[in-house]
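Work through the following exercises with the sequence and the model side by side, and compare each solution with your own reading.

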Amino acid sequence: MLPGELTTQLKQEARRIGFDLVGATAAVEPAGFDRLRAWLADGRAGRMSYLLDRVEAQRHPRHVLDGARSLFMLAIGYRTVEPASDERATAMGRISRYAWGRDYHDVVRQRLHALADFHRQLTPDVAVRGVVDTAPLLEREFAQRAGLGWIGKNTMLINHDWGSWVFLAALLTSEELVYDTPCEESPCGACRACLDACPTGALVEPYQLDARRCISYLTIELRESIDEPLREAMGDRLFGCDACQTACPWNRRTAVSEDEAFRPREGENPADPVELLSLDEESFRRRFRDAPLWRARRGGLLRNAAIVLGN
C-alpha cells in the first residue's frame, strides 16, 4: 500500500474510533532531547527517578519500537462539563479535569489496540506499537511535529480547537507515511497568563517547569511529605492542578467532548476530603482502582485531603 493511501485510511479509522486529532511525522531524534537531559541534570524532575533511568531511550523512537520509521500522533479531548460550584467550596477538594472520569490510559490503550489491529490488516508485515504516556517518548514534541498544535509557555501542547485539554498518544510504525506540516510558530506572543497563574511559581520562566514546585507533581507523584511553604499555595487542590490551563486564553472557548469515559464520576467534581479520610484500604481500592486518583495511592490522597482541610 502506498504511503498516501495508508495514511488516509489510518486517519479515517482513528477518527472513527474516537480520536479527535490525528497527524503523522517521521521517527527521528527529537530536537528537545538535549533540553530534557539538561532539565533532568538540574534536578527539576524531583523524585521522578524513572525519567532519569530511561533518559537515553528518549533519544530516538526506535528505542520504543525497533525499526520505527513513522509516528502517527493522536489526541483525545477531555473537556466535558465545567467545574462544579458548591456552597461548601471551602470544605471541598478540587480534582484536575483530566482525572474526573475513567483512567485515560485504559481508554486510550483500548483505542490504540483497535487502530493497531486495523493497521495490521492493511499491511500484514508491519511492526506497530501504540503508547500512551508511559513509554520513553517526547510525545508533545512529536505531536507538534505532526501538526497537532504548538508548545505553550506552560510546556503543554495547545491546539486551536481543543486548547490543551487533550490526552496524547502515539502509534509507532515501521511503515512510511505522508507527514503533516509541523506547527513551527507559537501564537502565545507576549502573553504570560499561565506563568502568573501558577500558585507555587513552578513555571520559573516561559517553557520551563520546575516539577518540584508543581502542585500536580506534589499531589500525585510525590510520595513523601509536602514542604510546609507549598501547602498553603495548594489551597483546595486535592489532586492535580489546572491553574495554568484555566488561565490560558486558548482554553476559554474550546471544543467540548461528548466522550462518556471522561465525564465526572460521582463525588469527584469536587470531592469531599472528610469522606476520603474515612476510606480504609479496601474502600479506597474499590472506589479508585480504575480511576486516575489511584496513582496517588491512599496515603498520598489522605495527605492531600488533610492539607486541603487545613487550608
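**Exercise 1: cysteines**

Explain why cysteine 183 forms no bond to the closest cysteine sulfur.

Solution. The closest cysteine sulfur to that of cysteine 183 belongs to cysteine 188 and lies 12 Å away, which is too far for a bond. Cysteine 244 is likewise in no disulfide, the nearest cysteine sulfur, that of cysteine 194, being 6.3 Å away. A disulfide is counted here when a pair of cysteine sulfur atoms lies within 2.5 Å, and a search of the whole structure finds 0 of them. This is a predicted model, in which local features need pLDDT of at least 70 and side-chain atom pairs count only at pLDDT 80 or more, whereas totals for chains, interfaces and linings use all residues. Residues are numbered from 1 along each chain as its sequence is written, and side-chain values use heavy atoms, with hydrogens and water left out.

**Exercise 2: glutamine 58**

Determine whether glutamine 58 is buried or exposed, and list its contacts.

Solution. First locate glutamine 58 in the loop between α3 (49-53) and β2 (70-77), where helices (H or I, at least four residues) and strands (E, at least two) are DSSP runs numbered from the N terminus. Its relative accessible area is 9%, so glutamine 58 is buried (under 20% relative accessible area; exposed is over 50%, partly exposed in between, with a 1.4 Å probe and protein chains only). Leaving aside neighbours within four places in sequence, glutamine 58 is in contact (heavy atoms within 4.5 Å) with Pro30, Phe33, Leu36, Pro136, Leu137 and Leu138.
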